[in-house]
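Student: Could we go through this protein together, one question at a time? I have the sequence and the model open.

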Amino acid sequence: MSPRRSVARATRAKPAINYAESSSESDIDDEVPLCISISRRTRRSQRSQPQSTPVKRRREVSPPPHQSDTDEEPPKSASKRRKRWHISSPKAEPKAEQFMQTSGVIPPWQTLPYHIFVQIFKYASYPLCNEQTFQPLPSGRWLLGCARLCRDFAEPALTVLYASPPLVPMDKAHMLVDLLKADPLSLAFKYRQKIESLRIDVGQVAAYSLPGSGHLDLFELVKNLPRLLDLEFYHQRDIPPIRDLEGTLKWTYPASLFDALEYIDPQSEPNRGDKTSICRLRSWRWSSRLAGKKYPIESMREVYLRPSFAALEKIAFVNYQFPVSRKGEHGPPYHEKILADSLSVLKDLKHVIFESSSLANRVLLPLLPTGLHYLEFINCCELDASDLAKFLLTHGSQLRGLTLNHNQYLSLSFLPTLSIACPKLRYLKMNLTYFETTYRSSNPRYKQLLLPDEIPTWPSTIQAIELTQLRKWGTEAAEVFFQSLLDNAANLPDLRKLVIRAILNIGWRDRASFRDQWVGSFTRVFKRISKPPTNFHFIESKSLIESRSSEAVDVPLNKSSFNPDIDLAYDQSDPSTQPSTIEVIKPTRSPPRRSTRSTGRPILKGIYTESPENSDDEKSDAEAEFTSGLSKRELGHRRTMERELENLRINIGIDDQLSQPSTPPSSPESYDSDDVPLVPRMKGKGKNKELIQGMCEIVDLRIDNLRPRETQVTEADFLDSEPEYDPDWTGHDLFEEAFAW
């Protein structure tokens with residue numbers, strides 16, 4: 001039995017692979033506590049392990065000699081299994097690295113400026129954590145790997161990582177506090193200046209204590225951050241789906257937090273990276289659960305008068321409700337006036353958010369500042385379309401963004417005045433999904449989403465339209481809504497994203513025909529047909545060069561044929577690498593040119609006309625050379641097809657300038673620039689013109705009758721039977737087949 005036990009242990013055991021860096025570059029490992037799931041003690045133990053043994057095991061094809069208490073040889077099946085395991089495990093590793101084959105020219109990316117690297121890492125790693133649960137995403141570990149990959153990558157990658165550091169799980173927040181407490185001169189980088197935003201989930205980070213460390217010290221976390229701009233506290237009860245609005249919490253904003261924002265060490269030195277001025281926040285988030293009785297609405301004005309809050313540009317109010325008297329009646333509307341009066345102190349305020357607040361009503365809206373750029377109403381039960389339309393007419397002249405999500409009383413009746421009230425609007429987001437707290441409480445409270453006589457208008461500056469779960473309207477009103485977008489396509493040159501998901505409660509046959517009609521129209525009018533242009537930068541793939549080698553002609557390289565404007569892929573200083581011949585690609589046949597008599601003739605749109613027979617008399621030299629090798633039958637067929645295509649171009653109403661065969665409208669060259677004029681096309685039987693906007697990267701139009709749910713169930717959630725394979729099986733049997741008795 002001893003050999004069989006040893007075989008099982010050898011099969012289960014995996015070689016220990018050490019990912020630790022060498023001691024010469026371990027300064028970054030000791031300073032970066034984020035996105036690491038192991039503790040420092042574990043990391044140090046990994047460094048102390050020898051690295052020679054795992055490397056030898058990976059290089060050996062045959063398994064190591066079997067060691068046991070007896071001199072018997074192991075079973076053949078066990079050695080085969082071990083050999084298969086050693087061979088198959090390295091093959092699975094290179095799949096993660098797939099690079100595009102190029103000619104071998106590597107640009108000097110190490111010489112890129114620092115700020116260029118920062119922009120690249122920001123684009124590649126966003127977001128670092130989940131916006132709902134605040135759990136870290138793999139992009140944070142990827143940034144940390146980039147920082148350890150190259151010294152030129154280290155500081156830009158860490159700058160992006162620490163700009164808004166993920167603080168979940170709790171131990172990462174405590175490790176960050178320890179790092180900020182350390183002497184800046186003993187660290188490789190100035191981490192205090194890199195932190196610009198802190199998004200703290202109270203329930204996962206601050207409300208509970210960490211064994212061995214206690215509660216998170218917010219004073220030590222904030223006091224040494226000279227460039228802190230955004231400080232926002234969240235709780236899972238205030239994040240959609242919202243169920244409970246009356247619950248309270250024991251944790252509230254500590255008074256030491258406000259003192260830490262204005263803390264300045266009298267012995268601070270700018271050369272060391274110490275904080276020499278107070279923090280001037282750019283955004284702050286109020287929550288009635290977290291404020292408690294310590295910071296009521298009456299005390300907000302006093303907080304805004306602090307120097308650290310005087311420059312606020314963004315502010316959010318979460319779960320602020322009507323004051324209810326003991327008799328169950330609402331008190332006088334003095335809370336709205338107090339809230340609006342406190343906002344008047346903030347001169348730089350541009351962005352206001354109201355979430356789950358009944359104070360956002362017809363009394364508060366006229367009292368808000370008039371110069372707001374961004375406005376969000378989320379789950380506000382007192383907001384309706386008539387009050388919003390009046391507010392936009394008086395306060396919407398500077399609005400750039402408008403977000404309206406989960407408001408049960410809000411319909412689309414404000415859209416007829418949108419272009420007049422908000423001439424600078426860039427995006428409109430509206431989600432009509434509501435949260436169910438009681439039976440059938442997720443239904444809309446308005447009578448009709450949109451009436452047939454309410455024709456929406458759209459600002460010419462709008463770039464994104466996202467309207468989801470549109471319901472409780474008729475077919476005629478839906479047609480008016482969709483037709484308003486098609487009619488204004490010529491006035492929406494900046495529109496790049498169009499997402500509409502509508503629900504129609506009609507027969508499935510009528511809904512299918514309705515969907516086919518409008519989905520095709522929206523795709524044809526707004527969808528961008530061509531692919532975005534690709535810049536090769538004189539780097540061609542080897543496969544492309546090899547594919548064109550059949551058409552290449554070897555020409556002796558002399559001084560007369562050398563072109564200095566061509567960027568060669570070899571080193572000119574080394575004569576051994578210079579080829580004796582260069583590749584000269586045969587010029588492709590240029591498209592035929594139209595006759596000057598046919599181009600000078602005006603085209604009557606919408607009238608069927610025959611093209612003259614002598615329109616193809618004048619041809620270019622390239623076309624004559626191409627047609628000379630064709631037979632009379634092929635040449636006649638080709639001329640007939642050209643004549644029919646010319647008739648189609650004339651009859652569908654495309655302008656003569658846009659219908660040139662050399663540059664067809666659907667070619668990528670005609671849509672590479674955003675300044676391409678709109679293409680007019682005839683719709684139907686030649687009665688109405690349809691303008692092709694053709695600039696939207698995303699066109700998502702869905703029309704169905706699915707009941708809106710918080711979690712939509714699809715066919716992938718239903719299986720007829722269990723999967724035939726076992727996902728936990730690795731493909732290797734640990735034990736031999738034998739009976740249990």
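Tutor: Happily! Let us start with a term: a residue is called buried when its relative accessible area is under 20%, and exposed when it is over 50%. Keep in mind that the model is predicted.

Student: Thanks! Which residues are buried in helix α16?

Tutor: Helix α16 covers residues 385-395. Using the cut-off of under 20%, the buried ones are Ala-385, Asp-387, Leu-388, Ala-389, Phe-391, Leu-392 and His-395.

Student: What do the buried residues of α16 pack against?

Tutor: Follow those side chains to their neighbours in the model. You will meet two strands and another helix, the latter spanning 418-421. The partners are β6, β7 and α17.

Student: Let me look at the first of those strands. How many residues of β6 are buried?

Tutor: Strand β6 runs over residues 374-378 and is mostly covered. Of its five residues, the number buried is four.

Student: Which strands are joined to β6 by bridges?

Tutor: On one hand, five bridges join β6 to a strand at residues 351-355, and the two run parallel. In that pairing, Phe-354 stands opposite Phe-377. Five bridges also link β6 to a parallel strand where Leu-402 stands opposite Leu-375. The two partners are β5 and β7.

Student: Is Thr-403 in β7 buried or exposed?

Tutor: Thr-403 is part of strand β7, residues 401-405. Its neighbours include Leu-375, Glu-376 and Phe-377, as well as Tyr-427 and Lys-429. Its relative accessibility is 8%, which is under the 20% limit, so Thr-403 counts as buried.

Student: What is unusual about the phi of His-406?

Tutor: Most residues other than glycine have a negative phi. His-406 sits in the loop between β7 and α17, and at 11% relative accessibility it counts as buried. Although it is not a glycine, its phi is positive, at about 60°.

Student: Where is Asn-379, and what is its phi?

Tutor: Asn-379 belongs to the loop between β6 and α16. It is not a glycine either, yet its phi is positive, with a value of about 55°.

Student: Which peptide bonds are cis?

Tutor: Most peptide bonds are trans. One cis bond leads into Pro-127, in the loop between α6 and α7, and has omega near -5°. Another leads into Pro-241, in the loop between β2 and α12, with omega about 0°. The cis bonds here include Tyr-126 to Pro-127 and Pro-240 to Pro-241.

Student: Which residues cover the two faces of β3?

Tutor: In a regular strand the side chains alternate between the two faces of the sheet. Strand β3, residues 283-287, has five of its five residues buried. Strand β2 is joined to β3 by two bridges and runs parallel to it, with Asp-230 opposite Ser-283. The buried residues are Ser-283, Arg-285 and Ser-287 on one side, and Trp-284 and Trp-286 on the other.

Student: Which residues have the most contacts inside the largest nonpolar core?

Tutor: In soluble globular proteins, nonpolar side chains tend to be buried together. The largest nonpolar core in this chain holds 133 residues, and its largest share, seven residues, comes from helix α8. Those with the most contacts inside the core are Phe-233, Trp-284, Trp-286, Phe-481 and Phe-482.

Student: Which residues of helix α19 does Phe-482 touch?

Tutor: Helix α19 spans residues 508-526. Phe-482 has contacts including Ile-500, Ala-502, Leu-701 and Ile-703. Its contacts that lie within α19 are Phe-514, Trp-518 and Phe-522.

Student: Why do the buried residues of α19 line one face?

Tutor: An α-helix has 3.6 residues a turn, so residues three or four places apart point the same way. The buried set in α19 is Arg-511, Phe-514, Trp-518, Ser-521, Phe-522, Val-525 and Phe-526. Seen down the helix axis, these buried residues line one face because they fall within an arc of 115°.

Student: Which exposed residues does the face of α19 turned away from the buried side carry?

Tutor: Exposed means over 50% relative accessible area. The residues to find on that face are Trp-508, Arg-509 and Asp-516.

Conventions: Residues numbered from 1 in each chain as written. Predicted model: local features only at pLDDT ≥ 70, side-chain atom pairs only at ≥ 80, totals over all residues. Heavy atoms only, no water. Expected span 1.5 Å × (residues − 1). Buried < 20%, exposed > 50% of the residue type's maximum accessible area, 1.4 Å probe, protein only. Arc of directions from axis to C-beta. Contact = heavy atoms within 4.5 Å. Core = buried A, V, L, I, M, F, W, Y, C linked by side-chain atoms within 4.5 Å. Pairing = 2+ DSSP bridges.
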